[in-house]
Amino acid sequence: METNFEKQLRYDKAYLKMAFEWANLSYCERKKVGAIIVKNRMIISDGYNGTPSGFENKCEDEEGNTKWHVLHAEANAILKCATSTQSAEGATLYITLSPCTDCSKLILQAGIKRIVYIQQYKDLSGLEFLEKSGITIRQITEEELYS
């Protein structure tokens with residue numbers, strides 16, 4: 001019989017795979033990131049990194065640097081949720097790359113209680129902030145994801 005931990009791991013992997021697929025929708029060339037917000041086993045929002053609505057879908061400048069106005073995947077998912085009838089309070093955020101400091105503040109304010117991610121962002125300050133704030137964090141590597 002499957003334990004609660006095994007069942008949760010199975011769901012975590014499935015939602016992370018969806019976030020990974022969602023990342024492929026991004027027009028960004030340097031890094032494609034996807035996010036899914038899940039509450040009560042229902043997907044309530046999704047997002048990927050990219051430019052704001054109405055802007056050209058080009059995320060990098062001529063030198064290959066990310067343009068300042070590009071939105072991160074988790075910010076897009078939280079903003080999409082905010083414009084709907086859904087609340088992220090108590091939800092889980094599945095994301096392909098751990099959050100930066102700015103997105104970590106949005107995650108906390110949105111009421112998200114759990115984060116599951118694949119790859120670590122170069123700056124761990126966002127994760128440290130969220131851990132100090134009592135948010136549960138779990139990393140599932142790409143190798144673990146497909147094993």
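Why does Asp46 count as buried? The relative accessibility of Asp46 is 16%, and buried means under 20%, so Asp46 falls in that class. The model discussed here is a predicted one, and this report describes the surroundings of Asp46, two pockets and the pairing of strands.

**The surroundings of Asp46**

Asp46 belongs to strand 2, which covers residues 42-48. Its side chain takes part in a polar contact of 2.6 Å with the side chain of Lys80. A further polar contact, of 3.3 Å, links the side chains of Asp46 and Trp22. Both Trp22 and Lys80 also appear among the residues that Asp46 touches when residues up to four places away in sequence are not counted. The others in that set are Ala35, Ile36, Asn76 and Ala77.

**Two pockets**

The table sets out the two pockets side by side.

| Pocket | Volume | Nonpolar lining residues | Polar lining residues | Charged lining residues |
|---|---|---|---|---|
| Largest pocket | about 410 Å³ | nine | four | five |
| Second largest pocket | about 260 Å³ | seven | seven | two |

The largest pocket, with a volume of about 410 Å³, is lined by 18 residues. Closest to the centre of this pocket are Lys31, Thr66, His72, Leu97 and Tyr121.

In the second largest pocket, the lining consists of 16 residues. Tyr48, Gly50, Thr51, Ser53 and Asn76 are those nearest the centre. Asn76 is also one of the residues touched by Asp46. Strand 2 and helix 2, which spans residues 73-82, each contribute at least two residues to the lining of the second largest pocket. The greatest contribution comes from strand 2, which supplies three residues.

**Strand 3 and its partners**

How many residues of strand 3 are buried? Strand 3 runs over residues 92-97, and six of its six residues are buried, so that the strand is described as mostly covered.

Strand 3 pairs with strand 1 (residues 34-39) in the antiparallel sense, through four bridges. Within strand 3, Thr92 is the residue that stands opposite Val38. Strand 3 is also joined to strand 4, which comprises residues 114-119. These two strands run parallel and are connected by five bridges. Tyr117 in strand 4 is the bridge partner of Ile95.

In a regular strand, side chains point alternately to the two faces of the sheet.

Notes:
Residues are numbered from 1 along each chain as its sequence is written. This is a predicted model: local features need pLDDT of at least 70, side-chain atom pairs count only at pLDDT 80 or more; totals for chains, interfaces and linings use all residues. Side-chain values use heavy atoms; hydrogens and water are left out. Buried means under 20% relative accessible area, exposed over 50%, partly exposed in between (1.4 Å probe, protein chains only). A polar contact is a pair of N or O atoms within 3.5 Å; within protein, one must be able to donate a hydrogen and the other to accept it, and residues adjacent in sequence count only if both atoms are side-chain atoms. Contact means heavy atoms within 4.5 Å. On a 1 Å grid over the protein atoms alone, a cavity is a set of points where a 1.4 Å probe fits but cannot get out, and a pocket is an open set with protein on both sides within 12 Å along at least five of seven lines; lining residues have an atom within 4 Å of a point. Grid points are joined across faces, edges and corners, and a volume is the space filled by probe spheres set on the points. Ala, Val, Leu, Ile, Met, Phe, Trp, Tyr, Cys and Pro count as nonpolar, Asp, Glu, Lys and Arg as charged, and the others, Gly among them, as polar. Two strands pair if DSSP finds at least two bridges between them.
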